[in-house]
Amino acid sequence: MHPRDQTIFALSSGRPPTAIAVVRVSGPQAGTALTALAGKIPAARMATRALLRDRRQQPIDEAVVLWFPGPASATGEDVAEFHVHGGRAVLVALFGALSAFDHVRAAEPGEFTRPAFENGKLDLTEAEGLDDLVHADTDRQRRQALRQLKGLLGDRARDWRAQIIEAAALIEAGIDFSDEGDVPTELMGPALARIKALAGEIEQVLAAQGHGERLREGLVVAIAGPPNVGKSTLINQLARREVAIVSPHAGTTRDIIEVQLDLDGYPVTVIDTAGIRETDDPVEQEGVRRARTRAAEADLVLWLVDVPHQRGLEQGAAPVWTVRNKIDLDAATSDAAGQGIGAVGSRQPTGVIGEGTAGIEFAVSAIRGDGIQELIAALITFAQNYFGSGEGGLISRERQRQLLQDTAASLRRSVSVIQQGEELAAEDLRLAARSLGRLLGRVDVEDLLDAIFREFCIGK
């Protein structure tokens with residue numbers, strides 16, 4: 001039997017032990033399994049209490065069971081749900097009982113969502129939105145994923161595709177009736193106007209996105225600088241917990257340490273890197289190499305120093321903010337330290353102190369917390385500008401962006417070649433409609449499906 005014709009089951013709730021665990025079964029044998037375990041199939045979509053028993057009639061657990069006959073179910077197939085007590089022993093017994101049925105097996109990642117897609121319950125953009133919703137770490141990621149799941153992009157793409165097909169029909173009608181005098185002209189005018197309007201609309205969506213799709217992955221901020229300037233102390237302050245070892249000895253951090261932050265709903269990954277210096281230690285040399293690499297790949301670099309006018313990082317593609325640490329030890333401000341006042345070379349407030357040639361400059365005390373809130377506020381503002389209108393944008397993945405770019409290019413090309421022949425324009429319109437079909441997962445995407453659904457968690 002083909003794997004897609006088998007019945008699958010999986011835990012669809014949190015990792016045990018939990019108060020209640022939900023085990024979902026989907027496929028042609030779901031009704032058989034439900035009848036054997038619960039004694040009967042309850043009324044559709046009505047929670048029913050039942051004592052579950054295995055094939056030897058040994059009790060498994062008191063449970064609540066539900067029955068969702070296909071195609072009116074989440075997957076489009078027959079679906080049974082078992083709501084049992086969430087202990088590991090209960091789940092092991094239930095999984096063992098389910099596995100004993102012929103053609104019933106444990107599900108692989110994405111195997112519940114894939115039949116939903118194949119049975120027309122979801123298009124591919126909505127399936128991607130579901131995956132993003134499951135993996136959302138911040139509220140902004142959740143809201144963006146939920147909009148995709150509700151068809152934010154899919155609905156627009158279906159409308160665009162329908163309009164392209166209509167325009168193509170007009171042009172092809174003009175080809176068919178080319179011997180009717182003024183008929184082609186009457187058909188071409190409305191078709192060209194519609195194509196130009198669609199191309200402009202899609203290009204406007206592409207231009208407005210900025211870094212919107214990066215909201216899924218988050219902003220990457222690297223803390224870099226010479227050894228022993230307080231990088232690990234700063235990342236602990238930002239994380240509000242000890243994630244890095246703090247030591248007065250230079251070279252303590254030799255590998256990359258990452259922490260995930262939620263800054264006003266924006267996902268931010270902060271990286272603590274090894275101190276950048278010349279060294280003969282081969283292990284520390286590798287740490288320095290990795291630090292330079294991650295700093296080059298980051299979206300923002302916080303270059304941490306502890307003395308004024310210390311040599312900065314070579315300017316790369318990412319912005320570099322200079323952060324002067326240890327202002328609590330600055331002799332020039334020691335008399336004002338108790339009032340939270342620090343400066344670089346003079347009496348100035350902590351936090352942002354100006355904008356130099358290397359970018360914005362801050363003065364902080366990572367060990368005491370002076371200036372940290374101002375630094376966090378600046379990071380939030382940077383994230384707002386970086387993500388732009390990403391929360392309200394249509395695009396959430398690079399795959400989607402590429403296919404929309406292909407669509408817009410085909411539309412523009414169809415307008416430019418119309419004078420060379422209506423057949424060429426019609427072919428470009430077919431390519432545009434095909435790109436949107438691939439976006440929705442309805443045309444020639446078999447090579448993509450395994451890769452996309454493999455990213456899902458088991459039980460989805």
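Arg397 is buried, and Asp131 is buried too. These two residues turn out to be partners: in this predicted model, Arg397 and Asp131 form a salt bridge, with their closest N and O atoms 3.3 Å apart. Arg397 sits in the loop between α10 (372-387) and α11 (398-416), while Asp131 belongs to helix α4, so the pair ties together parts that are 266 residues apart in sequence. As for the background, side chains of opposite charge can pair when their charged atoms come close.

Asp131 has plenty of buried company in its own helix. Helix α4 is mostly covered, with nine of its 11 residues buried. Among them are Leu124, Thr125, Glu126, Ala127 and Glu128, and the list also includes Gly129, Leu130 and Asp132.

Just before that helix comes another charged pair. Asp123 and Arg158 meet through their side chains in a salt bridge, at 2.5 Å from N to O. Here, too, distant parts of the chain are linked: Asp123 is in the loop between α3 (113-118) and α4 (124-134), and Arg158 is in helix α6 (residues 152-176), 35 residues apart. The two partners do not share a label for accessibility. Asp123 counts as buried because its relative accessible area is 1%, below the 20% cut-off. Arg158, on the other hand, is partly exposed, at 35% relative accessibility. This pair also belongs to a bigger arrangement, a network of salt bridges that links Asp123, Glu126, Asp155 and Arg158. Over the whole structure, the salt bridges number 21.

A further salt bridge joins the side chains of Asp428 and Arg413, at 2.9 Å from N to O. Asp428 lies in helix α12 (residues 422-440) and Arg413 in helix α11, so this pair, 15 residues apart, links distant parts of the chain as well. Asp428 is buried, at 8% relative accessibility, whereas Arg413 is partly exposed, at 35%.

Now for the two helices that carry this pair. The axes of α11 and α12 come within 8 Å and cross at roughly 165°. An angle over 145 degrees counts as roughly antiparallel, which means that α11 is roughly antiparallel to α12. The crossing of α11 past α12 is left-handed. On the α11 side, the contact includes Arg399, Leu403, Leu404, Leu411 and Arg413, and on the α12 side it includes Asp428, Leu429, Leu431, Leu436 and Leu439. Sorted by type, the residues of this contact come out as nine nonpolar, five polar and five charged.

Elsewhere, Ala377 lies in helix α10. Ala377 is partly exposed, with a relative accessible area of 40%. Its C-alpha atom is separated by 8.8 Å from that of Leu263, though the two residues are 114 residues apart along the chain.

The backbone has a few quirks of its own. Most residues other than glycine have a negative phi, and most peptide bonds are trans. Against that background, the peptide bond from Pro16 to Pro17 is cis, with omega near 0°, and Pro17 lies in the loop between β1 (7-11) and β2 (18-26). The bond from Gly70 to Pro71 is cis too, with omega near 5°, and Pro71 is in the loop between β4 (59-68) and β5 (79-86). Positive phi values turn up as well. Arg45, in the loop between α1 (30-38) and β3 (48-53), has a phi near 60°. Gln57 has a positive phi of about 65°; this residue is found in the loop between β3 and β4 and is partly exposed, at 47% relative accessibility.

Conventions. Residues are numbered from 1 along each chain as its sequence is written. This is a predicted model: local features need pLDDT of at least 70, side-chain atom pairs count only at pLDDT 80 or more; totals for chains, interfaces and linings use all residues. Side-chain values use heavy atoms; hydrogens and water are left out. A salt bridge is a side-chain nitrogen of Lys or Arg within 4 Å of a carboxyl oxygen of Asp or Glu. Helices (H or I, at least four residues) and strands (E, at least two) are DSSP runs, numbered from the N terminus. Buried means under 20% relative accessible area, exposed over 50%, partly exposed in between (1.4 Å probe, protein chains only). Axes are lines fitted to C-alpha atoms, for helices over the stretch in contact, and angles run from 0 to 180 degrees between N-to-C directions. Angles under 35 degrees count as roughly parallel, over 145 as roughly antiparallel, 65 to 115 as roughly perpendicular and the rest as oblique. A crossing is left-handed if the near helix is turned anticlockwise from the far one by less than a right angle, and right-handed if clockwise. Contact means heavy atoms within 4.5 Å. Ala, Val, Leu, Ile, Met, Phe, Trp, Tyr, Cys and Pro count as nonpolar, Asp, Glu, Lys and Arg as charged, and the others, Gly among them, as polar.
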